[in-house]
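Ready for some practice at reading a protein model? Grab a pencil and take a look at what's shown here.

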Amino acid sequence: MPVTPSRRPGALLAPALAATLLLAGCGADVDSGTGNARTVTVDRCGEPVEYTRPQRAVAYEGGSADKLFILGLTEHVHGYVMPPANPPVTESPWAPEYAKVKMLSDDLLNKELVVEAKSDFVVAGWNSGFSDERGITPEILDRLGIQSFMHTETCYNYPGHPQRVTPFEALYSDLERLGRIFGVEDRADEVVAGLKQRVRAVAERAPEGDPVPVFLYDSGTDQAFTAGSQVPPTDIIAAAGGRNVFADLDERWTQVGWEAVTRSEPEVVIILDYGDQPAQEKIDFLKSSPHTRHLPAVRKGNFFILDYNEGISGPRNIDGLEKFGRYLRELKS
């Protein structure tokens with residue numbers, strides 16, 4: 001039975017600490033991080049929470065599963081939930097790992113699914129997987145004895161415990177925190193160092209001169225749904241040598257009026273591509289809409305396709321960055 005996360009970290013650590021000290025006094029060599037009973041305190045949106053090492057994790061969306069797979073944690077993953085927006089898992093760099101675990105649902109995350117799966121750990125974001133309206137929140141799962149992990153990037157507007165971290169730093173933080181929860185800190189450090197090096201390599205080759213103004217188009221016809229400052233595409237754009245024209249919006253994913261898009265005069269449009277709204281349909285709309293057909297990017301045909309899982313928090317953010325970096329260098333050459 002997993003330990004329910006507690007607001008009092010010392011309550012469960014005290015017996016373990018006492019046992020460790022007793023054995024140490026007898027000359028025993030004790031590794032407190034060994035075994036499945038291991039307990040560690042890790043922040044969840046800035047709130048200290050106690051975790052035991054999970055054995056039946058459930059991941060919601062590709063970003064969650066990817067974070068577990070890149071850390072080599074497949075044997076701890078019971079299954080995943082993939083709503084329709086996610087591209088097929090067969091397209092993932094970790095397709096062989098997805099094949100080893102269960103596809104639990106192609107719908108939204110819900111409490112009943114998690115309970116039925118006998119999960120002891122759920123990985124999701126706030127307002128995407130976890131939701132007050134759908135009755136699955138970390139607090140609800142805590143009461144059921146089910147541990148939960150929240151993507152740092154989504155903590156920005158988490159009630160009671162908001163946390164503001166730049167999107168790439170949020171990704172690194174998630175991998176490090178998961179590394180501690182599962183006892184694979186060295187692996188997490190290695191993965192994070194590799195991702196940071198890849199980001200630096202792209203940034204060092206960014207085109208010289210003023211950053212290229214970039215508009216990300218997710219969806220919408222009456223208004224545009226786009227990326228504010230708190231989501232990964234903003235860091236992708238900046239590291240590659242661009243400027244998200246809506247980076248001054250202190251939001252995650254948000255709506256803007258077409259007048260604001262027109263005033264921003266983007267030189268490049270990033271199209272977020274996902275299953276139920278193909279990229280070509282969005283490009284056709286932008287080319288035909290009176291609001292957007294005269295934008296510099298649209299007139300020049302400067303469209304870049306960003307895969308859904310490269311745009312939500314996960315290690316594929318860096319794949320998206322490398323592709324966009326190449327695109328901007330070729331555009332400016």
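Below are three short exercises on this predicted model, each with a worked solution.

**Exercise 1. Get an overview of the chain: how many helices and strands are there, and what percentage of the residues is buried?**

Step 1: Start with the elements: the chain has 13 helices and 13 strands.
Step 2: Now look at burial. Of the 333 residues, 52% are buried.
Step 3: Turn to the surface. About 14,800 Å² is exposed, and carbon and sulfur atoms supply 50% of that.
Step 4: Finish with contacts. Take the ones between residues at least 6 apart in sequence: 68% of them join residues at least 24 apart.

**Exercise 2. Work out whether T74 is buried or exposed, and find its contacts.**

Step 1: Locate T74: you'll find it in the loop between α2 (61–70) and β4 (77–81).
Step 2: Check the accessibility. Buried means under 20%, and T74 has 12% relative accessibility, so it counts as buried.
Step 3: Skip the neighbours within four places in sequence, and T74 touches F69, E97, K100 and V101.
Step 4: Zoom in on E97: its side chain makes a polar contact of 2.6 Å with the side chain of T74.

**Exercise 3. Why is helix α8 described as largely enclosed by the rest of the structure?**

Step 1: Find α8 at residues 232–240.
Step 2: List its buried residues: P232, P233, T234, D235, I236, I237, A239 and A240.
Step 3: Draw the conclusion. Eight of the nine residues are buried, so α8 is largely enclosed by the rest of the structure.
Step 4: Peek just past the helix: G241 takes a positive phi of about 110°.

Terms used
Residues are numbered from 1 along each chain as its sequence is written. This is a predicted model: local features need pLDDT of at least 70, side-chain atom pairs count only at pLDDT 80 or more; totals for chains, interfaces and linings use all residues. Side-chain values use heavy atoms; hydrogens and water are left out. Buried means under 20% relative accessible area, exposed over 50%, partly exposed in between (1.4 Å probe, protein chains only). Helices (H or I, at least four residues) and strands (E, at least two) are DSSP runs, numbered from the N terminus. Contact means heavy atoms within 4.5 Å. Accessible areas come from the Shrake-Rupley method with a 1.4 Å probe; for residues, only the protein chains shown count as cover. A polar contact is a pair of N or O atoms within 3.5 Å; within protein, one must be able to donate a hydrogen and the other to accept it, and residues adjacent in sequence count only if both atoms are side-chain atoms.
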